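Q: I have a structure open and do not know how to read it. Can you take me through a few features, one at a time?

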Amino acid sequence: MIGMHNKEYRPTLAQLRTFVTVAENKHFGTAAAKLEISQPSLSQGLVALEQGLGLQLIERSTRKVIVTSAGETLLPYAKATLEAADTFLAHARGANGTLAGPLTIGVIPTIAPYILPDLLSMLAEAYPDLEPRFVEEQTQHLITRLRNGNLDLAIMALPSEATGMVDSPLYTEKFSIVCPPDHPIAGREDVKLAELKDLDLLLLDDGHCLRDQVVDLCRHANINPAEATNSVTRASSLTTIMQLVMGGLGCTLVPESALATECHGKDVAIAHFASDVTAEREVGLVFRSSAARAEEFREFGTLITSAYNKAIERSRQ
C-alpha cells in the first residue's frame with residue numbers, strides 16, 4: 001500500500017533512473033533490459049521509490065504501463081536530477097570543467113563521414129580524457145535519443161524545431177551539384193535555382209534532412225519538387241546516389257564538405273550555384289536545455305567547425 005510519505009526518505013539515483021526508464025519506455029521488460037537488471041529488481045526499485053514518496057508514479061496492468069499524473073509532474077525533476085548527477089561525475093573526471101569521461105554524440109549521415117576523421121584526431125589531442133561515443137542516425141531518431149537521455153548532444157542541420165532543446169549554430173554549408181560529365185550543367189559556376197527543374201534530381205530516402213532541404217530549395221524556386229526530382233529512384237546514402245549519378249540516372253545536390261570523399265576519382269562533374277543564389281544548410285549542435293554543460297558543449301563545437309573547415313579545404317582542392 002502507498003500511504004503517507006516518509007519525511008526522512010531520500011531516493012537513490014538508481015531508483016530515479018528506474019522510474020525514468022519505465023516512464024519513457026512504458027514497458028517493464030524493455031526498461032529492465034536497458035538498465036541491465038532483472039525485472040524483479042526493477043519492480044522492487046520502483047516500489048521502494050513510490051513507498052518512500054507516498055505516491056503512485058506508475059500504474060501497472062496486464063496490457064500496458066501508464067504514468068500517473070503525479071508521475072508526469074515529477075518526471076522532469078527526476079530527469080534533471082539524473083542529468084545533474086551525470087554532470088557532477090563528468091566534472092569530477094575532468095580538470096576544471098574540461099570534457100572528460102563518456103560523451104555520447106549523435107550525428108546525421110550526411111555529416112558524419114566527412115568530419116569524423118579530423119574530429120576524432122582533434123578530440124584525442126584536445127581532450128585526452130574524453131571517451132567519445134558516436135551514434136549515426138537520421139534527425140528524428142537523434143531528437144528522440146536526446147529526449148530520452150541516450151545522447152548528450154547531436155550534430156545536425158538546424159533548426160531542430162524540437163521543444164526542450166537548444167540549437168547552437170556552428171557553420172553554414174553550401175550545396176554543390178554533382179552530375180554526369182556530359183551533362184550540360186557540368187563545370188558551370190553560375191547555376192540558378194530555376195534550373196533545378198531540368199536536372200532529374202536523385203534524392204535520399206524519406207527521413208534524411210538533406211532530402212527535405214533539396215525539396216525546400218525547389219519550392220523556393222517555385223518548382224514542383226515532383227517535376228524536378230526522380231521520385232522512383234532513391235537511396236539511403238550519398239555514396240549510393242553517387243553510383244547512380246555515375247550511371248547516368250540523374251544529378252544530385254551534395255554538401256560541399258562531402259565533395260572530396262564522394263567525388264574524388266569518380267567519373268562525375270561538379271557545378272556550383274551562382275554567387276547570388278542561397279543554396280545552403282546551417283549545421284550546429286543540439287542539446288537539452290536542461291544540460292548543465294552547455295559551455296563545454298559549445299567549446300566542443302569549435303572543434304567540429306575546425307573539422308568541417310578541413311573537409312572544405314580538401315573539397316576545394
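The dialogue below goes from the whole chain to its helices, then to its empty spaces.

Q: What is the overall make-up of the protein, in helices and strands?

A: Keep in mind that this is a predicted model. The protein has eleven helices and eleven strands. Its C-alpha trace spans about 80 × 45 × 30 Å along the principal axes.

Q: What share of the residues is buried?

A: Of the 317 residues in the protein, 48% are buried. Contacts tell another part of the story. Take those between residues at least 6 apart in sequence: 74% of them join residues at least 24 apart.

Q: Which pair shows how residues apart along the chain can meet in space?

A: Look at Leu201 and Cys251. They are 50 residues apart along the chain, yet their C-alpha atoms are separated by 5.0 Å. Leu201 belongs to strand E7. Leu201 is buried, with a relative accessible area of 0%.

Q: How do I check the length of a helix, say H3?

A: Compare its span with the expected one. Helix H3 covers residues 39–53, which is 15 residues. At 1.5 Å a residue, H3 should span 21 Å, and its end C-alpha atoms are 21 Å apart, so the two agree. Try H1 as well. H1 has 13 residues and reaches 18 Å from its first C-alpha to its last, close to the 18 Å expected.

Q: Which residues of H3 are buried, and why do they line one face?

A: Start with the general idea. An α-helix has 3.6 residues a turn, so residues three or four places apart point the same way. Now the case here. Leu42, Gly45, Leu46, Leu49, Glu50 and Gly52 are the buried residues of H3. Seen down the axis of H3, they fall within an arc of 170 degrees, so they line one face of the helix. On the other side of H3, Pro40 and Gln44 are exposed.

Q: What do the buried residues of H3 pack against?

A: Their partners are helix H1 (13–25), helix H2 (28–35) and strand E1 (58–60). H1 has buried residues too, among them Leu16, Phe19, Val20 and Val22.

Q: What comes just after H3 and H1 along the chain?

A: Check the backbone angles there. Gly54, just after H3, takes a positive phi of about 70 degrees. Lys26 follows H1, and its phi is positive, near 55 degrees.

Q: How do I find empty space, and how much lies in the largest pocket?

A: Rolling a probe the size of a water molecule over the atoms shows where empty space is left. Here, the largest pocket holds about 1,200 Å³ of space. It is lined by 40 residues, and the closest to its centre are Arg17, Asp86, Asn148, Gly149 and Asn150. The elements that give two or more residues to this lining are H1, H2, helix H4 (69–93), strand E3 (101–107) and helix H6 (139–148). H4 gives the most, with ten residues. By class, the lining has 15 nonpolar, eleven polar and 14 charged residues.

Q: How many cavities of 30 Å³ or more does the structure hold, and what lines the largest?

A: The structure holds one cavity of that size. About 40 Å³ of space lies in the largest cavity. Its lining includes Leu202, Arg211, Val214, Ile241 and Thr252. Strand E7 (201–204), helix H7 (209–220), helix H9 (238–246) and strand E9 (252–255) each give two or more residues to the lining. By class, eight lining residues are nonpolar, one is polar and one is charged.

Terms used
Residues numbered from 1 in each chain as written. Predicted model: local features only at pLDDT ≥ 70, side-chain atom pairs only at ≥ 80, totals over all residues. Heavy atoms only, no water. Helix = DSSP H or I, 4+ residues; strand = E, 2+ residues; numbered from the N terminus. Expected span 1.5 Å × (residues − 1). Buried < 20%, exposed > 50% of the residue type's maximum accessible area, 1.4 Å probe, protein only. Arc of directions from axis to C-beta. Contact = heavy atoms within 4.5 Å. 1 Å grid on protein atoms, 1.4 Å probe; cavity = no way out; pocket = protein on both sides within 12 Å on 5 of 7 lines; lining within 4 Å. Points joined across faces, edges and corners; volume = space filled by probe spheres on them. Nonpolar A, V, L, I, M, F, W, Y, C, P; charged D, E, K, R; others polar.
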